Amino acid sequence: MFLKRLSYVSITIGTITFILLLLKTPDTCVAPDSPPKPHLRFPKSSCDSSPRELLPLHKKNKRLWSTKTWQNKVQSFSNFFRACYQMGLLHNDSKVLCVSAGAGHEVMALNQLGVADVTGIELLDSPPLVSRADPHNLPFFDDVFDLGFSAHFAKALFPNRFVSEMERTVRAGGVCVVVVDECGDEEVREIVDLFTNSSFLGALNVTLTGLRMTRIIMKVQHLP
């Protein structure tokens, strides 16, 4: 009898608690004394699917590009490309292709350095810096670019196809520059062997976006 009474009491307490939870309006993270913001409306429950206001693209980009993280990454790419200038691989009138460009840090860095003709592509676009395209099937004619660059070669699903498309779109005498996680001579040779229409110019360990990386430079020759 005691256990039955205890069960009834527990069920009653649980039912009352559940009803109170249903009736109570959830608290938000906005302080009660905060100034009103008519353009914001917080949901009353998890089932509230009313549309939220979306930021226009230019405002979204302005907010993103003003962050310290973004600016630091762009500055790191700028330092990286300055070395390409010094080696004579890159000029202000160069046509540059950035493959798997992510959100477009490298594209912005090149633009800020004075390179006007920069094309960034990625599976997901990030306008206005990066357009949508498949790195394994680039939508460009042969011999279009002076320099092909990728800081995300290691993420390629089909490395051979990825490399062959870079080589195809870069003119003879141009260069392909890829950056991978820091590696030794054996790993570098494996990557170099993927470039069947290019000659090896050199590899160097560098720091990019705070990470230790290895830069590999190939000169496109379009060998028969």
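## Strand β1 and its partner

In this predicted model, strand β1, formed by residues 95-99, is mostly covered, with four of its five residues buried. β1 runs parallel to β2, and five bridges join the two strands. Within this pairing, Val99 stands opposite Ile121 of β2.

Strand β2 (residues 117-122) also pairs with β3, in the parallel sense and over three bridges. Ile121 has Ser131 as its bridge partner in β3. Ile121 is thus a point of reference for both pairings: Val99 is opposite Ile121 in the pairing with β1, and Ser131 is the bridge partner of Ile121 in β3.

## The sheet as a whole

The sheet is open and contains seven strands, in the order β3-β2-β1-β4-β5-β7-β6, with mixed pairing. The edge positions are taken by β3 (130-132) and β6 (198-208); each has a single partner strand, so one side of each is left without a neighbour in the sheet. On average, and with direction ignored, neighbouring strands are turned by 20° against each other. Helix α3 (residues 68-86) packs on this sheet and touches β4 (145-150), β5 (170-181), β6 and β7 (211-220). The direction of α3 makes about 145° with that of β6.

As general background, strands of a sheet pair through backbone hydrogen bonds, in either a parallel or an antiparallel arrangement.

## Overall architecture

The protein contains six helices and seven strands. Along the sequence these elements follow the pattern α-α-α-β-α-β-β-β-α-β-α-β-β. Of the 224 residues, 33% are buried. Among contacts with a separation of 6 or more, 59% are between residues 24 or more positions apart.

## Helices α4 and α6

Helix α4 comprises residues 105-113, and its buried residues are His105, Glu106, Val107, Met108, Ala109 and Leu110. These buried residues pack against the helices α2 (57-65) and α3 and against the strands β1, β2 and β4. After α4 comes Gly114, which has a positive phi near 115°.

In helix α6 (residues 185-192), the buried residues include Val188, Ile191 and Val192. They cover an arc of only 100° around the axis, which puts them on the same side of α6. The cover over the buried residues of α6 includes β5, β6 and β7.

## A buried charge: Glu122

Glu122 belongs to strand β2. The residue is buried but has no salt bridge. Its nearest side chain of opposite charge is that of Lys155, 7.4 Å away; because a salt bridge requires a nitrogen–oxygen approach within 4 Å, this pair does not form one.

Not counting residues up to four places away in sequence, Glu122 touches Ser100, Ala101, Gly102, Val130, Ser131, Arg132 and Ala133. One of these contacts, Ser131, is the bridge partner of Ile121 in β3. Another, Ser100, is found in the loop between β1 and α4.

## Backbone features in the loops

Most residues other than glycine have a negative phi, and most peptide bonds are trans. Several loop positions depart from these tendencies.

Ser100, in the loop between β1 and α4, has a positive phi near 55°. Ser100 has a relative accessible area of 7% and is therefore buried, the cut-off being under 20%. Asp143, in the loop between β3 and β4, likewise is not a glycine and has a positive phi of about 60°. With a relative accessible area of 42%, Asp143 is partly exposed.

The peptide bond from Pro127 to Pro128 is cis, with omega near 5°. Pro128 is placed in the loop between β2 and β3. Both prolines are in contact with Asn61, when the neighbours of Asn61 within four places in sequence are left aside. Asn61 is part of helix α2 and counts as buried, at 10% relative accessibility.

Methods
Residues numbered from 1 in each chain as written. Predicted model: local features only at pLDDT ≥ 70, side-chain atom pairs only at ≥ 80, totals over all residues. Heavy atoms only, no water. Pairing = 2+ DSSP bridges. Axes fitted to C-alpha atoms, helices over the stretch in contact; angles between N-to-C directions. Contact = heavy atoms within 4.5 Å. Buried < 20%, exposed > 50% of the residue type's maximum accessible area, 1.4 Å probe, protein only. Lys, Arg positive; Asp, Glu negative; His and termini not counted. Arc of directions from axis to C-beta.
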